[in-house]
Structures are given as structure tokens and as C-alpha cells.
Amino acid sequence: MKAIEASLRSATASTERERRTTGKARTAPAATEYAVEEVPERSLFISVKPRYADAILAGTKTVELRRTRPNLPDGSLVILYSSTPTRAVVGWAHLTGVRVGTPTEIWAKYGTKAAIDEPDYDAYFDGTDQAFALELNSVVAAVQPIPLDTIRSIGIQPPQSWRYVPADVTTQIQASALA
């Protein structure tokens with residue numbers, strides 16, 4: 001675990017060093033600038049309740065629902081953080097699309113793929129007129145989930161909903177989870 005923490009800290013430090021020396025963070029190129037073999041500059045780190053994380057890993061949940069839209073191209077990596085009581089990165093998937101609609105439209109099209117009961121869905125989207133469905137595929141379960149204390153030790157705070165993480169940190173997380 002110490003080796004994992006050291007390599008993750010190193011990856012995060014290089015990003016922080018670049019931000020300090022240039023005065024700004026790296027920005028990802030537009031989605032249209034990616035060649036097929038290139039890796040996006042950042043990934044999506046999402047927090048999900050354990051029951052939904054388990055359903056994604058089992059393949060029974062292929063759509064993750066959000067009230068706000070992440071700005072990433074199709075094919076981007078989505079890191080799955082299972083919240084309390086698990087509190088660990090448990091795997092990842094690839095984003096195949098972000099669909100937008102009213103909560104009623106998204107429920108009609110994606111409700112069965114989201115592994116959520118309609119009353120819970122309605123409560124989640126109460127008060128908003130837009131819903132986002134993140135379509136996921138190519139799910140990989142972590143062989144070794146990465147616990148919260150390790151994630152925090154490298155300066156990554158799991159988000160309430162989602163956040164972006166740099167590609168170099170993503171690579172380290174994947175390597176650690178498969179060790």
C-alpha cells in the first residue's frame with residue numbers, strides 16, 4: 001500500500017508543479033482534437049452509493065444518473081468511488097454517451113437501465129427540469145479496492161457527486177486497483 005501511495009503522490013505532484021510554474025492548470029483539448037489512440041487529459045471520478053456501485057460492477061446498471069452534466073468526450077474513463085460504508089474506488093467504466101432530457105424523458109428511456117426505483121428517481125430529480133444519463137460500458141472491477149485514506153493521502157477528495165481527475169492520477173489509480 002505504501003508503494004501505491006508514493007506513486008499516486010508523485011503523479012499528483014507533477015500536476016501541481018505544472019500548475020504552480022505556469023500559473024494555470026492544464027486544459028484538455030476539445031473532444032474533436034483526440035486521435036483514436038490518444039488518452040483524454042482527464043477522467044471523471046464519481047461517487048455512487050454502494051448498491052449502485054455493485055449494480056454497475058455486476059452489469060445490471062448501465063446508466064448512471066446525474067443532475068449536472070460532466071463535460072467529457074465519449075470513451076472517457078469514469079472512476080467508480082463507492083461511498084459509505086465501502087469508501088473506496090471499486091472499479092471504472094467507459095463513458096459511451098451523456099444523454100440529456102427532462103426527468104420524465106430520461107426515466108422513460110433509461111429507467112430500467114439505471115437500477116433505481118421510480119420513487120427514489122423522482123425524489124432525486126425533484127426540483128430540476130433537466131436530467132442526465134451517463135451511459136457506461138467496459139466495466140472493470142478493482143482487484144484491490146483503493147480505500148478512502150489512500151485516495152485522500154494523494155490530495156484527491158472524493159466528491160459529493162463527481163469531479164475531474166488528471167490522466168496521470170487515473171493511470172496510477174488503475175494500476176493500484178489491479179495490483
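**Sheet, helices and the loop at glutamine 160**

Glutamine 160 is exposed in the predicted model, because its relative accessible area is 80% and the cut-off for an exposed residue is over 50%. The residue is placed in the loop that connects helix 5 (148-153) with strand 6 (162-166). A separation of 9.1 Å is found between the C-alpha atoms of glutamine 160 and serine 83, although the two residues are 77 residues apart along the chain.

Strand 6, which follows this loop, belongs to an open sheet of six strands. The strand order in the sheet is 2-5-4-3-1-6, and the pairing is mixed. Strand 2 (63-66) and strand 6 are the edge strands, each of them pairing on one side only. From one strand to the next, the twist averages 40°. In general, the strands of a sheet pair through backbone hydrogen bonds, in either a parallel or an antiparallel arrangement.

Strand 5 (residues 131-147) runs antiparallel to strand 2, and four bridges join the two. Among the residues of strand 2 (63-66), glutamate 64 has leucine 134 of strand 5 as its bridge partner, and leucine 65 is partnered with alanine 133 of strand 5. Strand 5 also runs antiparallel to strand 4, to which it is joined by 11 bridges. Within strand 4 (88-101), glycine 91 has its bridge partner in strand 5 at alanine 141.

Two helices are described here by the strands they lie across. Helix 2 (residues 50-58) lies across strand 1 (42-48), strand 2, strand 3 (77-82), strand 4 and strand 5. Its direction is at about 90° to strand 5. Helix 3 (residues 103-110) lies across strand 2, strand 4 and strand 5, and runs at about 115° to strand 4.

Helix 6 comprises 12 residues (residues 167-178). At 1.5 Å a residue, a helix of this length should span 16 Å, the expected span being 1.5 Å times one less than the number of residues. The end C-alpha atoms of helix 6 are 17 Å apart, which agrees with that expectation. The buried residues of helix 6 are Ala167, Val169, Thr170, Ile173, Ser176 and Ala177; these are classed as buried because each has under 20% relative accessible area.

Note on methods: Residues are numbered from 1 along each chain as its sequence is written. This is a predicted model: local features need pLDDT of at least 70, side-chain atom pairs count only at pLDDT 80 or more; totals for chains, interfaces and linings use all residues. Side-chain values use heavy atoms; hydrogens and water are left out. Buried means under 20% relative accessible area, exposed over 50%, partly exposed in between (1.4 Å probe, protein chains only). Two strands pair if DSSP finds at least two bridges between them. Axes are lines fitted to C-alpha atoms, for helices over the stretch in contact, and angles run from 0 to 180 degrees between N-to-C directions. Contact means heavy atoms within 4.5 Å.
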